[in-house]
Every structure is written in structure tokens, then in C-alpha cells.
Amino acid sequence: LLEFFNKFIKTSEEWWYYGVMMEDKGEIIVRKMIPEFAVRHKLDIGKASEIFNVLSHPREKSIFNAERKDFLDICLVILEDKRLLKFLVQNNHAGLLKNSKLKPKINHYIHEYFWIKTDYSHAEIITPELILNSIKKEIKNVSKNKIKEEFSLLNGLQVKFENQKLKILEKIKLNLSDRKDIYFVQKIIYWNDVRKMGMMILFHYLFRFMEDIGVKYGLSFSEISLYQPEEIINILAKNKKISQSEIKKRIDGIFTVFENGKPIQMFYGEAERMLFKIATEVKSDKIKGQVASNAGKKIVKGIARLVFNPNKDEFNAGEILVASMTRIEFVPLMRRAKAIITNEGGLACHAAIISRELGIPCIIGTKIATKVLKDGDMVEVDADKGIVRIIK
């Protein structure tokens with residue numbers, strides 16, 4: 001177990017060197033590439049950003065929309081067969097899994113998306129039963145026609161983007177600098193999407209690993225999750241646990257500083273205080289960010305809903321999703337949102353990628369959206385200029 005854990009940590013560290021390389025690329029796109037594109041084609045920044053967004057969208061389908069399409073495909077197999085639908089209603093999973101058309105699709109889904117229910121705190125194992133229960137819930141809440149409509153939309157996304165690109169290219173002639181920049185951004189956006197999947201796969205295995213170690217050494221998952229990697233190695237190598245008093249101190253929150261050539265520094269309780277300080281309100285009735293997607297809608301009005309924990313916080317269909325940043329757990333909410341506003345992110349971020357593919361207006365990089373906006377605020381999103389105003 002010790003040998004395997006050391007290999008896992010080494011592989012994880014090597015992967016993160018690759019993963020963090022794109023952290024600053026969104027800023028390069030916004031601060032350098034789009035302004036230069038605007039100058040070359042005599043466009044204002046808003047129009048240049050809109051055109052650049054479309055032209056630089058990757059040809060590859062986003063990982064998360066690919067997963068959704070495969071899930072809906074399984075839903076439709078069941079909906080098109082009355083016998084299978086009856087089995088689903090009766091919770092006859094054995095009967096469903098004997099079906100020669102359904103079983104391979106479920107097996108494919110598990111193989112490709114075993115990590116899909118992993119977030120930054122736990123890993124849920126994807127089983128046929130879990131998939132079938134999710135399908136039952138989906139079918140209960142959404143009509144067959146709506147599922148068909150969404151499946152068709154996801155199926156035709158890339159064609160839709162290619163058509164948009166062709167219309168733009170009828171009006172704008174790209175030079176070599178344009179083509180190089182667009183190619184670069186396409187790769188960065190796709191890289192960011194794949195990186196997000198890589199993070200979830202890494203966390204999936206890490207959390208499963210921690211569960212096994214916890215069971216072996218009599219520690220709960222919440223306890224083992226407070227250990228540093230070196231401390232886990234000490235358990236495996238020497239059966240040396242950290243004290244219960246140390247565990248109690250860490251439960252209240254720790255702020256950990258890693259610095260080359262120096263021991264790890266931990267500040268107890270600081271994490272919560274720093275979060276409180278960061279979350280201090282900023283008084284303003286207007287915020288500005290970068291347009292990641294305008295979805296052909298200049299102005300969108302709706303109720304703002306702040307979401308910090310997508311698994312617990314309230315969010316209703318048709319509301320405007322406001323978050324610090326979006327992650328995999330936010331995707332179900334994003335699909336129901338009227339618009340999306342985030343504090344962080346560049347044109348290659350998760351929110352930008354998903355919103356463009358979903359056709360939802362999205363303003364990113366506002367820095368202060370979660371400080372200025374409150375739950376229930378009626379807001380107006382200018383998806384051309386990247387401005388959000390509180391109107392009530």
C-alpha cells in the first residue's frame with residue numbers, strides 16, 4: 001500500500017505540473033490576443049471578443065456535454081421501449097440490464113464517466129443501479145419531447161458552431177496572426193476541458209485511496225482528509241497517526257502555505273476568517289466582466305441566485321446563476337440557468353466553455369459578483385458589454 005501510494009503521489013505531482021501550465025492563458029487571450037485582433041480588424045473590444053469566442057471554439061465536443069448526451073441516449077432507449085419503461089417504474093434493474101441494447105450503453109457510460117459524480121470533497125462510485133435511478137428521476141421531471149430536444153441540440157452543437165464560423169468568415173478575412181491566435185485558443189480551451197476531467201479522475205482515485213487507508217487504520221474519511229500526504233506516508237510506513245487534538249484544531253479550518261525549501265506552514269482557523277474577509281460586501285449597483293457567451297441575446301433580465309454549494313444551495317430554473325467560479329457540480333444548475341455570472345475565469349474557463357455550448361449568456365471575471373449581488377436581486381445582464389446592473 002505504501003509503495004502504491006508513493007507511485008500515486010508521484011504521478012499526481014507530475015500531472016499537476018502539466019495541469020497548472022494553462023492557468024494564465026485566459027488572461028493572455030483577454031489582455032493581448034483579443035485587443036490585437038480588434039486593432040487588426042478595426043473592431044471595438046466587445047465585437048472582437050464575440051467574434052473571437054465563436055472562431056476559437058474547439059472542434060471537439062466538451063467532456064461534460066458528451067457525458068450528458070450519452071446519458072440522454074440511455075434515457076431515450078428506455079423511453080422508446082414500453083417494456084423497459086415498465087421495468088424502470090418497477091425498479092426491475094435486473095430486467096433492464098438483460099436488454100442487449102441497453103446494457104452496452106450503460107457499460108460504456110460507466111467506463112467513460114466513472115468519475116462524473118466526483119467533486120472536491122468525495123467520490124461516488126458509478127453503478128448501473130445509480131444510473132438507472134438517475135434516469136428514473138430525469139424521466140419523472142422532464143418530458144420525452146424535452147429529452148429528445150436536448151439530445152438533438154447536443155448532437156448538433158459542433159455543426160452549429162461551424163456554421164457560425166462560416167458566416168463570420170464570409171465577412172472577415174483572417175491573416176496568419178489571426179489563424180495562429182485562434183488555433184492557440186482552441187487548444188487552450190480544449191486543454192482546460194480535458195484538465196477538468198483529469199482533476200476529477202485524480203480526485204476520484206485519491207478519495208477512494210483515502211477511504212481504504214481510513215478503514216485499514218481506523219480513521220473516518222473526514223479525519224483522513226485532514227492529513228497531509230507526508231502524514232499519510234507516516235501512517236503507512238510507521239503506523240504513526242497525528243493526534244486527536246491536532247485533528248480537532250484542523251477541523252475548524254486550516255490555511256496551508258507551501259514554499260520551496262521551507263517546511264509546510266499551517267495557520268489554524270485562518271481559512272474561515274480569510275473567507276469571511278474576502279466575502280465582505282462591496283456596495284455598487286453595477287459590475288463589469290468579460291463576455292464569455294452572449295447567445296445572441298443582448299439584454300437578459302432575471303432573479304440573481306448566489307450558489308456556493310451546488311449540492312445544497314437553492315437554485316430554480318430560469319434564475320441567473322451567480323458563483324465565484326463553476327465546477328463540474330455546477331453543470332446541472334447551469335443547464336437550467338437563464339444566464340451565468342462569475343467572479344473568476346477567462347475565455348478558456350469552465351463557465352465559458354459550458355455556457356457557449358449551452359447557448360446561455362455568461363459574464364465572467366467580474367471579481368465582485370458574489371459580493372455585490374444578493375439572492376433575489378432583479379438584475380439586468382448586458383451580454384454585449386459585459387455589464388450587470390441591479391434593477392430592483
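1. In this predicted model, 45 residues line the second largest pocket, and those nearest its centre are R68, E138, V331, P332 and R335. The pocket has a volume of about 1,600 Å³.

2. Several helices contribute to that lining. At least two residues each come from α4 (63-79), α8 (128-141), α9 (144-155), α16 (331-336) and α17 (350-358). The helix that gives the most to the lining of the second largest pocket is α8, with six residues.

3. On the nonpolar interior: the largest nonpolar core has 97 residues, and the members that touch the most others are I78, I135 and L321. Helix α11 (residues 176-216) supplies the largest share of this core, 14 residues. Another core, of 16 residues, lies apart from it and has I287, A304, A339 and V388 among its members.

4. L321 deserves an entry of its own. Beyond its neighbours within four places in sequence, L321 is in contact with R305, V307, F315, F330, L333, M334, A337, A339, I340 and I341. One of these contacts, A339, is listed in the core of 16 residues, whereas L321 belongs to the core of 97.

5. On aromatic residues: the whole structure contains 13 aromatic pairs. One of them joins Y113 and W115, with 6.4 Å from centre to centre and 65 degrees between the planes. This pair is edge-to-face, because the angle between planes is over 60 degrees. Y113 and W115 are both buried. They also belong to one aromatic cluster, together with F64, F71 and Y109.

6. A second pair has another geometry. The ring centres of F203 and F207 are 6.0 Å apart and their planes lie at 20 degrees, so this pair is stacked. The two residues sit four places apart in helix α11, about one turn of the helix. Both F203 and F207 are buried. Helix α11 is also the element with the largest share of the core of 97 residues, as stated in point 3.

7. Two lysines are placed over aromatic rings. K249 lies over the face of Y268, 4.3 Å from the ring centre. The charged end of K160 sits over the ring of F161, at 6.0 Å from its centre.

Conventions: Residues are numbered from 1 along each chain as its sequence is written. This is a predicted model: local features need pLDDT of at least 70, side-chain atom pairs count only at pLDDT 80 or more; totals for chains, interfaces and linings use all residues. Side-chain values use heavy atoms; hydrogens and water are left out. A nonpolar core is a set of buried Ala, Val, Leu, Ile, Met, Phe, Trp, Tyr and Cys residues joined through side-chain atoms within 4.5 Å. Buried means under 20% relative accessible area, exposed over 50%, partly exposed in between (1.4 Å probe, protein chains only). Contact means heavy atoms within 4.5 Å. Rings of Phe, Tyr and Trp (its six-membered ring) pair if their centres lie within 6.5 Å; planes under 30 degrees apart count as stacked, over 60 as edge-to-face and the rest as tilted. A charge sits over a ring if NZ of Lys or CZ of Arg is within 6 Å of the ring centre and within 35 degrees of the ring normal. On a 1 Å grid over the protein atoms alone, a cavity is a set of points where a 1.4 Å probe fits but cannot get out, and a pocket is an open set with protein on both sides within 12 Å along at least five of seven lines; lining residues have an atom within 4 Å of a point. Grid points are joined across faces, edges and corners, and a volume is the space filled by probe spheres set on the points.
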